[in-house]
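Here's a quick briefing to read alongside the model. Have the structure open and turn it as you go.

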Number of protein chains: 2
Amino acid sequence: MNAIDEMVRLLKRLPGMGEKSATRLCYFLIKSDDAFVEKLGESIRDIKKRISTCPICGSFIDESGCPYCNNPERDQSLLCVVEEPQDVMSINQSGAYNGLFHVLGGSINPLQGIGPGKLKLQELKDRVSEGRIKEVIIATNPTEEGDTTALYIRNMLRENNVKISRLASGLPIGGDLGYADKTTLIRSMRGRVSYSSVPDEID
Amino acid sequence: MNAIDEMVRLLKRLPGMGEKSATRLCYFLIKSDDAFVEKLGESIRDIKKRISTCPICGSFIDESGCPYCNNPERDQSLLCVVEEPQDVMSINQSGAYNGLFHVLGGSINPLQGIGPGKLKLQELKDRVSEGRIKEVIIATNPTEEGDTTALYIRNMLRENNVKISRLASGLPIGGDLGYADKTTLIRSMRGRVSYSSVPDEID
């Protein structure tokens, strides 16, 4: 069964996909309607040709161009710095932010040989030096590497006349104190906010 | 981001795929190498054109024809009856069986309006009546529907001069008594085998 074996072999290269789930997915596709399977296949085949990265902010863009840069409906004085292009979409989908983005392409990780020179940090400095940005919001991951990168950016932009902030760390909403790890608890304790400044409703 | 949104919408129709995992898979594909993504896309797009079902046994077949029917290396006197085409591959891959197959296309399920007439039961009767089959091994699922179907087949083939057997039910190998459900325990108790007939080694 060349066709099935071949597909299973390819599907197994996807994350979290073992032999069993790949086989099951293959059968699901064989039983699905023709139009859906054809569309899905073509969508996958063409995705890399359709998606590129914005030369200014580093977000994923398609034929319609960058939806963030030079968009007059977005606040051109706010710049949110993230590690990866997918972080742009997560933050944008949250609806809590309507400014510009800057994708670093990773975080500083000496153990993996990723120094500041491998990230789009000089480009960040250049963008901020143009003078239109009023606040840089650092949204690197709350990990050791993300923290190091955030600190590096804070020092790098010290002489620029911009406000620098970082996304709050703490207990995830809907979470359970009993399941929170120690570091998260320490962070949420240190970063505790006085009751009057807690928003009444989350929208 | 039409290209990404479109792919996520399609991927979400796959089993066990939510918004988050579809989005993650989409980014994984964007970052994968061109040749792999193209091959995977084409493999999915073409799968339905390449796969059909054998008109005799009902297994999935591709351009190279049915690997079971009329294969002189397989025992033409054994017929294994299964519910779905994927069951054929599971049994074949186990290596424990080297005879012919017969796919019913489901199991008797009155609640879902699936009576015997909707399954390939008459075709089974016809194949057995040809006289070359010596044993019919019923490999329907160990569920209420599978049991009903097995019983139906046993009655249907009563007048044919064939041995009829059914796959053994019991504790799965590597399982834990504490996690076995009641019905499995009852089945494995009722179907207990005397020690001398237990094979020393499982190959």
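Chain A lands on chain B after a rotation of 179 degrees with 0.0 Å of shift along the axis, and the RMSD is 0.1 Å. The two copies are thus related as by a two-fold rotation axis. Keep in mind that this is a predicted model.

**How the two chains meet**

- Both copies use the same surface: 98% of the contact residues of chain A turn up again in chain B.
- Looking for the axis on screen? Go to A:Gly41, which of the residues of chain A comes closest to the rotation axis, with its C-alpha at 2.1 Å.
- Helix α1 of chain A (residues 2-11) and helix α3 of chain B (residues 34-50) have axes that come within 10 Å and cross at roughly 145 degrees.
- That crossing of α1(A) and α3(B) is left-handed.
- On the α1(A) side, the residues in this contact are A:Asn2, A:Ala3, A:Ile4, A:Glu6, A:Met7, A:Leu10 and A:Leu11.
- From α3(B), they meet B:Phe36, B:Lys39, B:Leu40, B:Ser43, B:Ile44, B:Ile47 and B:Arg50.
- Sorted by class, the contact of α1(A) with α3(B) comes to nine nonpolar, two polar and three charged residues.

**The sheet in chain B**

- Chain B has an open sheet of four strands, in the order β4-β3-β5-β6, with parallel pairing.
- At the edges sit β4 (99-103) and β6 (163-166) of chain B, each pairing on one side only.
- Going from one strand to the next, the twist averages 25 degrees.
- Strand β3 of chain B (residues 75-82) runs parallel to β4(B), and five bridges join them.
- For a spot to zoom in on, B:Cys80 stands opposite B:Phe101 in β4(B).
- As background, strands of a sheet pair through backbone hydrogen bonds, and they can do so parallel or antiparallel.

**Helices against the sheet**

- Helix α4 of chain B (residues 85-94) packs on the sheet and touches β3 and β4 of chain B. Its direction makes about 155 degrees with that of β4(B).
- Helix α6 of chain B (residues 144-156) lies across β3, β5 (135-138) and β6 of chain B. This α6 helix runs at about 175 degrees to β6(B).

**One leucine in a loop**

- B:Leu177 is in the loop between β6 and α7 (182-190) of chain B.
- Is B:Leu177 buried or exposed? B:Leu177 counts as exposed because its relative accessibility is 55%, and the cut-off for exposed is over 50%.
- Leaving out residues up to four places away in sequence, B:Leu177 touches B:Leu171 and B:Leu185.

Definitions and conventions:
Residues numbered from 1 in each chain as written. Chains lettered and ligands numbered in written order. Predicted model: local features only at pLDDT ≥ 70, side-chain atom pairs only at ≥ 80, totals over all residues. Heavy atoms only, no water. Pairing = 2+ DSSP bridges. Helix = DSSP H or I, 4+ residues; strand = E, 2+ residues; numbered from the N terminus. Axes fitted to C-alpha atoms, helices over the stretch in contact; angles between N-to-C directions. Contact = heavy atoms within 4.5 Å. Left-handed = near helix turned anticlockwise from the far one by under 90°. Nonpolar A, V, L, I, M, F, W, Y, C, P; charged D, E, K, R; others polar. Buried < 20%, exposed > 50% of the residue type's maximum accessible area, 1.4 Å probe, protein only. Least-squares fit on C-alpha atoms with pLDDT ≥ 70 in both.
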